[in-house]
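This briefing goes through selected local features of one model, grouped by topic. Please keep the sequence and the structure open while reading.

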Amino acid sequence: MAKVSRPASSGTERISAMDRLAARWLGRVRAPVAITSQPEPRSLGQFARGQQMLAGNFLMAGELLHAQGTVPFDATTSEAVDDVQGFGWLDHLAAVGDRPARDLAQAGLRDWARRYGRGRGPGWAPGLAGRRLIRLLSHAVMLMQGCDRSEQTAFLRMLAHHAAFLHKRAAHAAPGLPRIEARTGLLYAALSLEGWPERAPAITTALIRDCDNQIGTDGGIATRNPEELLAVFECLGWAGQLLSENGQPVPDTLGDVMGRMSSALRCLRHTDGGLIRCHGGGRGRDGALAAALSAHDALSNMPPAAPPEQAMGYIRLASGRTSVLIDAATPPLQAASGRAHAATLAFELTSNRRPVVVSCGDGRSFGPEWHRASRATASHSTLALEGYSSSRFSTPGGRRLELTDGPRHVGLEFRHTPYARAAALSHDGYGESHGLEHLRYLDLSADGRVLSGEDMLIATGRAAQKRFDEVRTRLGGAIPYALRFHLHPEVEASLDMNGTAVSLTLRSGEIWVMRADGATLALAPSVYLEKGRIKPRATQQIVLSLGATSYTSQTNWTLAKAHDTPTALRDHAQDDILAVPDL
């Protein structure tokens, strides 16, 4: 992947003193006469979340807030503050769309204006202001409906304030998603507010320049966060649609950038429509990826291309409605050291629309301890030496741990045949600590029914073998390690055949069976860290525990559909989209 500018690694955009000063000084701007063009809402809200809000329960980035008749803005975690200040809750209330939902949205807006509207508070980072302005303009009809003239004037003044602020500060937003959100919000203002349209070409040019700096030649971003890549893609897609709807030319450069990004996202997409969960990213909001790709295909007027095998440091093996996504690159130590995972050579497997093998996910919204644990190698489906990760974290004690060191070299070679999609991978993340290199070979059959794996630990060269002997002697003759396969919470696992096999039953009725040579299978507790919940979900993991006693240790395993399980079946197990989910 090509080098791109380094984005902020903190995870939340920091507000500078100049941001605060500009927000307060520009709060005196005169309101525009009118909204000349109101863009359609494009972000997807959830009816169930809107219903929860009407009941007084607001789940913001894992933090549950309570309020009746208004929106609570007193979040404590930085992620929850960004969530509530970004006005994503408007999407959920708009999904409900009735009068109580409109009244709650207007009450929340009035409360925000009273507390923060003059440039105070935590919501005036440029990226966050751009995100908020997109929602304010997209839901302007709902927010102004039934209001008197003074309230409508106050709303227009708020829009003008945001536009003036972004005009001054968008270029100073943190690189990456915040910069793209700030530019897109400013473009929304330019094409929607009276007196601003002549600024649209310059804003579009600046947006394209940021894309050139932030998006790699393979369509990826430096943080290697798939969900963040989707968020950037969504913003650019909204910008392109807005330009087209307002009779503005969509630059070819923007189309080229989005074409590369759409290919990358198709590579990172499982057969169930979700993204691989790694380096701080989740699977994405339900339907968001499909909607973004469909909108891009319609805008480009080109048929969708087949997913590439490699993008943004991940590879994809897919056949017969089974997808295997693998982290096949070094962690983003420079771009996102505070969020990067020690996940090199970890994989996820999805069959039809059911995840089977997963990673634990990102624990940031559940607190610092969960965040640190979720980034360790043991929280991913790969090989881990006991007590060690393939990448190293900074010394404990700070509020946020940085990933400071990792594998220097990650090897990759595709070995496809007419009968299978296969890849040979390696990394040297345990070289300095144990003198060992991890080799992994994954082979997905052409019908998608069998995933075969071979994992090896080898010590090559005098220095590595000397280090291995020292560690092995200190540990009593063997270096303990384990292969872990974390399971999705909806997978029912049971030990069969006197503990030599594990049967996995999916909600669709599919049955998969895992076997291993030279190792004892065991089931152990695990967790599934899912964004949008207030606590982790309990699940299980398959663990193969072994010990390295020589310079070469090898384990073979298979994960295969049971013989009487069809390759494709109708999956009738459906969730009630109108049901209020458990928090």
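A residue counts as buried when its relative accessible area is under 20%, and as exposed when it is over 50%. The model is predicted. The points below cover two residues with positive phi, strand β6 and its partners, an open sheet with its edge strand β11 and strand β12, one helix pair, and Gln52.

**His279**

- His279 is not a glycine, yet its phi is positive, at about 50 degrees.
- The residue lies in the loop between α12 (252-267) and α13 (288-300).
- Is His279 buried or exposed? With a relative accessible area of 2%, His279 is buried, because the cut-off for that class is under 20%.

**Strand β6, its partners and Asn352**

- All of β6 is covered, as 5 of its 5 residues are buried.
- On one side of β6 the buried residues are Phe347, Leu349 and Ser351, and on the other they are Glu348 and Thr350, so both faces are covered.
- Strand β5 (residues 322-327) pairs with β6 in the antiparallel sense, over 5 bridges.
- Within that pairing, Thr322 is opposite Ser351 of β6.
- β6 also runs antiparallel to β7, and 3 bridges join the two.
- Here Thr350 is opposite Pro355 of β7.
- β6 and β7 make a hairpin with 2 residues between them.
- Which residue in that turn has a positive phi? Asn352 does, with a value of about 55 degrees.
- Asn352 is a residue other than glycine, and its place is the loop between β6 (347-351) and β7 (354-358).
- Its relative accessibility is 11%, so Asn352 counts as buried.

**The open sheet of 8 strands**

- An open sheet of 8 strands follows the order β11-β12-β13-β14-β21-β18-β17-β16, and the pairing is antiparallel.
- Which strands lie at the edges? They are β11 (410-414) and β16 (492-496), each of which pairs on one side only.
- From one strand to the next, the twist averages 15 degrees.

**Strands β11, β12 and β13 in that sheet**

- β11 is joined to strand β12 (residues 420-430) by 5 bridges, and the two run antiparallel.
- Glu413 is opposite Ala424 of β12, and Gly411 has Ser426 as its bridge partner in β12.
- The connection from β11 to β12 is a hairpin through 5 residues.
- β12 is joined to strand β13 (residues 436-445) by 9 bridges, again with the strands running antiparallel.
- Ala423 is opposite Leu442 of β13.
- Of the 11 residues of β12, 9 are buried, so the strand is largely enclosed by the rest of the structure.

**Helix pair α9 and α10**

- Two packed helices are described by the angle between their axes and the distance between the axes.
- Helix α9 (residues 177-190) packs with helix α10 (residues 200-214) at an angle of about 165 degrees, and the axes are 9 Å apart.
- This angle makes α9 roughly antiparallel to α10, because angles over 145 degrees are put in that class.
- The crossing of α9 with α10 is left-handed.
- On the α9 side, the contact is made by Arg179, Ile180, Arg183, Thr184, Leu186, Leu187 and Ala190.
- On the α10 side, the residues met are Ala200, Ile203, Thr204, Ala206, Leu207, Arg209, Asp210 and Cys211.
- How many residues of each class does this contact have? There are 9 nonpolar, 2 polar and 4 charged residues.

**Gln52**

- Gln52 is part of helix α2 (residues 47-54).
- Its relative accessibility is 5%, so Gln52 counts as buried.
- Gln52 and His92 are separated by 40 residues in sequence, and their C-alpha atoms are 9.5 Å apart in space.

Definitions and conventions:
Residues numbered from 1 in each chain as written. Predicted model: local features only at pLDDT ≥ 70, side-chain atom pairs only at ≥ 80, totals over all residues. Heavy atoms only, no water. Axes fitted to C-alpha atoms, helices over the stretch in contact; angles between N-to-C directions. Helix = DSSP H or I, 4+ residues; strand = E, 2+ residues; numbered from the N terminus. Parallel < 35°, antiparallel > 145°, perpendicular 65-115°, else oblique. Left-handed = near helix turned anticlockwise from the far one by under 90°. Contact = heavy atoms within 4.5 Å. Nonpolar A, V, L, I, M, F, W, Y, C, P; charged D, E, K, R; others polar. Buried < 20%, exposed > 50% of the residue type's maximum accessible area, 1.4 Å probe, protein only. Pairing = 2+ DSSP bridges.
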